[in-house]
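This briefing introduces a structure to a reader who has not met it before. The points after the display are grouped by topic.

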Amino acid sequence: RKVISNSELDPDCDIAELVIESLDVHADVFFNGAYLGHQASAFYPFKKDVKEFVRPGDNELLIRLTSGLETVSDADLAEIDHAVCTELGNGCADRGDQRRAFVRKPTYVYGWDWCPRIGTCAIAKNAYIDCLTSAVIRNVSVKTVEAAVNAKLSLTAEIELLDIIKTADADVKIKISKEDKTCAEITREDVLLCSGLNYVHFDLNIEDAELWWPNGMGGQPLYLIEVSVRCGENVNTWPAFKYGIRTISLDTARTDAKNRRFMLVVNGKHIFCKGADWIPADSIYARVTPEKYEELILEAKNANFNMLRIWGGGIYERDEFYDACDKYGILLWHDMMFGCSTFPDHLESYRDLVGRELDYQTRRLGSRTCLALFCGNNEDHWIFTSGGFPQVHIRHEKQYGLYISNNMMPEYIRKNCPWVPYWNSSPYGGEEPNADNIGDVHHWHACMMNPDTALRIEPKEYDKVQARFVTEYGYPGPCPRESIERYFDGKAIDRNSKVWSLHNNTFEKLTVNAGIKKHYTGRTLDFDEYLLYSGMTQSLMLGYSLESIRFKDFCGGGLFWMYNDCWGEVGWTIVDYYLRRKISFYGVRRAFEPVKLILREIDGKVFVMGCNDTDRDISFKLRTGWVAFDGSGDDSRRTDVTMPARGRHILHTFDVSGHDTLTGVYYAKPEGECIHPAVLRAADTRDLKLCPPRVNIVSAKNEGADLLIDIKADTFCHGVYLDTGAGWKLNDNYFDMLPGETRSIRVYGAAGKSFALKTLLVG
Ligand code: BMA
């Protein structure tokens with residue numbers, strides 16, 4: 001119930017449009033006692049002209065909300081009788097409530113493997129009244145036609161003339177500026193507006209344009225776009241918005257008899273997408289603050305991501321989220337909100353409801369700089385072939401939800417943002433969804449979801465990836481101690497307690513302990529050791545697998561499950577619910593470095609791949625070969641190499657030449673350039689015959705607010721870290737060093753502090 005004062009309203013307006021941005025989910029809306037209507041979706045706003053009901057003094061808005069589940073009958077469920085998710089033999093307990101298929105709201109709130117059931121029911125965003133007169137801008141869409149020094153944009157203003165009988169004359173004005181410098185300004189004078197919708201189109205040239213690039217590939221310059229319409233005395237202004245000049249397309253061209261490419265092309269360059277899957281940042285999604293969005297997207301940038309995939313069981317995020325992605329160069333693979341279920345697309349009323357949502361969201365998001373691709377759903381195509389659901393006869397008029405992704409979405413994209421690439425589902429493509437040769441893959445069953453624990457904890461399994469694009473796979477790890485203490489709420493941390501198991505991912509299945517045992521030690525560990533070793537294992541599994549995927553030059557992206565949390569748990573993420581970095585953050589950050597060397601052995605040869613996301617060729621002398629852990633023997637050679645701009649190339653190969661990989665490592669180390677060396681992982685760390693580590697801090701100084709520490713290793717050292725606790729952010733931590741290597745570590749904001757330097761003990 002909200003009291004709206006009449007003083008906020010202009011008595012001379014044509015309409016007083018009440019806007020309620022998000023209602024979760026079934027709502028009856030009353031204004032001063034008048035019934036305005038029923039809303040049944042959290043995914044588009046409720047809008048109604050309330051001018052005739054406005055009265056002097058206070059006005060009353062009354063909303064009656066329900067969760068919506070009560071409207072779903074057994075007969076409804078029988079019609080789509082597969083909504084019970086038995087996927088992965090896990091039962092519906094972990095995928096919520098089967099009725100979720102009928103309610104258009106975030107469905108993760110009914111419980112998922114990574115969160116408990118917290119069924120929401122809310123006025124989730126803002127509510128206000130817009131007083132509108134004569135001509136109103138209803139939408140502005142913009143497309144980069146040419147991303148070049150002299151860039152071309154096309155822009156369309158959708159203007160509604162509120163007079164339903166008569167025409168009117170108007171001036172429509174566009175201004176594009178950057179840091180107060182006007183780059184383009186056009187006024188279209190004396191435009192004839194007809195009753196209802198009018199589309200006014202502009203072609204714009206921007207000279208000396210600065211192009212927007214994904215993170216790591218260049219800058220993110222944003223231009224300010226202002227659009228207004230004057231009709232008689234009235235001026236209506238569309239909220240000014242920022243836009244980065246760039247083109248994005250999806251290349252699915254055939255590469256050979258069997259395969260097709262699946263790569264995004266930004267400003268004419270094929271890119272490798274680096275990142276992870278995004279879920280709502282809170283179980284109670286309405287309480288996510290703009291600051292939390294900002295921090296999470298900044299951390300995605302810090303982890304060297306250039307992409308997030310918005311997963312289809314969550315929400316269309318708030319504007320602040322997309323603003324931050326534009327600002328930090330994070331492209332979006334954007335699922336529509338359908339996931340892991342069948343949906344009642346045979347019902348006219350359901351198609352109508354969903355149609356409004358798709359129309360609203362494609363209009364709202366289609367011109368966003370960061371938007372790289374719309375995707376129909378999460379795993380809805382795949383579940384028909386993955387054995388989880390009974391085989392059903394899918395007819396055209398009853399596609400169990402697929403009609404929405406297959407037929408409705410392409411129509412709305414064509415109508416509202418035809419320049420945005422579209423993909424029907426994730427995973428999708430080829431003879432059956434999850435095929436290696438076409439489209440994207442959720443790489444779960446061969447590894448983390450395999451009943452065989454040995455496969456779940458073996459990093460080398462990821463060298464077998466043949467996918468054109470990986471959109472999901474994962475490996476779990478715990479949060480830092482500070483976060484676990486927080487959810488234990490003052491009680492002693494007990495790994496046999498109910499609290500612990502509630503905060504443990506359903507699919508963890510003792511994998512974390514098995515991983516520690518394989519890679520590090522069979523000792524009984526105290527709690528801090530458990531955190532350290534499990535964090536290192538997650539870091540290894542994610543870091544190694546992302547390198548394996550990036551090494552495949554036919555593969556267009558490596559996105560792991562998942563980036564962020566909606567509550568604290570031992571789970572998939574690298575940044576926890578409380579925004580603390582896990583140890584694995586650093587492993588992922590290294591795997592995604594814009595300029596990066598990766599070593600892999602194939603048939604007795606070591607391949608050195610150079611990944612260079614930047615716009616300049618990089619040439620340097622590269623030392624490659626083998627070195628003993630204690631530094632005593634070094635069999636290496638120097639070669640001149642060049643890493644061409646914006647590409648992945650094999651720079652060099654050399655024979656393994658029979659050295660003992662348990663007493664030393666094959667490596668590739670650039671000389672001069674600030675590029676980290678790469679080592680070839682020959683065996684599990686636990687099996688290596690490491691010598692006692694010798695590593696020291698050689699200098700520590702303050703630089704502005706930061707602490708800068710130089711470290712030198714005399715031997716090979718595994719898991720070198722500054723013991724800062726989770727309260728500090730570093731440019732790197734928990735890394736390996738070669739004998740003789742030095743590294744500079746920056747601890748942000750830690751000027752004047754000192755921290756102990758440690759290495760991980762193995763065995
Ligand atoms: C995939 C995702 C999510 C799920 C994740 C981990 O199925 O699409 O639904 O949470 O795996 O289990």
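**Pockets, cavity, core and ligand**

Helix 7 (481-488) and helix 10 (527-551) each contribute at least two residues to the lining of the second largest pocket. The model is a predicted one. Helix 10 recurs in the topics below: it is the main contributor to the lining of that pocket, to the lining of the largest cavity and to the largest nonpolar core.

**The second largest pocket**

- The volume of the second largest pocket is about 650 Å³.
- The lining of this pocket is made up of 32 residues, of which P480, I583, G725, A726 and Y734 are the closest to its centre.
- Helix 10 supplies six residues, the most of any element, to the lining of the second largest pocket.
- Sorted by class, the lining of the second largest pocket holds 16 nonpolar, six polar and ten charged residues.

**The largest cavity**

- The count of cavities of 30 Å³ or more comes to one.
- The largest cavity has a volume of about 740 Å³.
- Among the 38 residues lining the largest cavity, L540, E547, R590, V679 and D736 are the closest to its centre.
- Two or more lining residues of the largest cavity come from each of helix 10, helix 11 (584-591), strand 28 (595-602), strand 34 (678-679) and strand 38 (735-737).
- Helix 10 again gives the most, with six residues in the lining of the largest cavity.
- By class, the lining of the largest cavity comprises 22 nonpolar, seven polar and nine charged residues.

**Nonpolar cores**

- The largest nonpolar core has 136 residues, and those touching the most other members are W114, W278, F305, F321, F374, Y563 and I574.
- Helix 10 is the leading contributor to this core, with ten residues.
- Another core, of 51 residues, lies apart from the largest one and includes I137, Y243, L331 and W423.

**The ligand and its surroundings**

- The ligand is surrounded by 14 residues, and the closest are W112, D113, W114, E379 and E472.
- W112 places a polar side-chain atom 2.8 Å from an oxygen atom of the ligand.
- For W114, a polar side-chain atom lies 2.7 Å from an oxygen atom of the ligand; W114 is also one of the residues that touch the most other members of the largest nonpolar core.
- In the side chain of E379, an N or O atom is 2.8 Å from an oxygen atom of the ligand.

Technical notes: Residues numbered from 1 in each chain as written. Predicted model: local features only at pLDDT ≥ 70, side-chain atom pairs only at ≥ 80, totals over all residues. Heavy atoms only, no water. 1 Å grid on protein atoms, 1.4 Å probe; cavity = no way out; pocket = protein on both sides within 12 Å on 5 of 7 lines; lining within 4 Å. Points joined across faces, edges and corners; volume = space filled by probe spheres on them. Helix = DSSP H or I, 4+ residues; strand = E, 2+ residues; numbered from the N terminus. Nonpolar A, V, L, I, M, F, W, Y, C, P; charged D, E, K, R; others polar. Core = buried A, V, L, I, M, F, W, Y, C linked by side-chain atoms within 4.5 Å. Buried < 20%, exposed > 50% of the residue type's maximum accessible area, 1.4 Å probe, protein only. Near = heavy atom within 4 Å. Polar contact = N/O pair within 3.5 Å; in protein donor to acceptor, adjacent residues only side chain to side chain.
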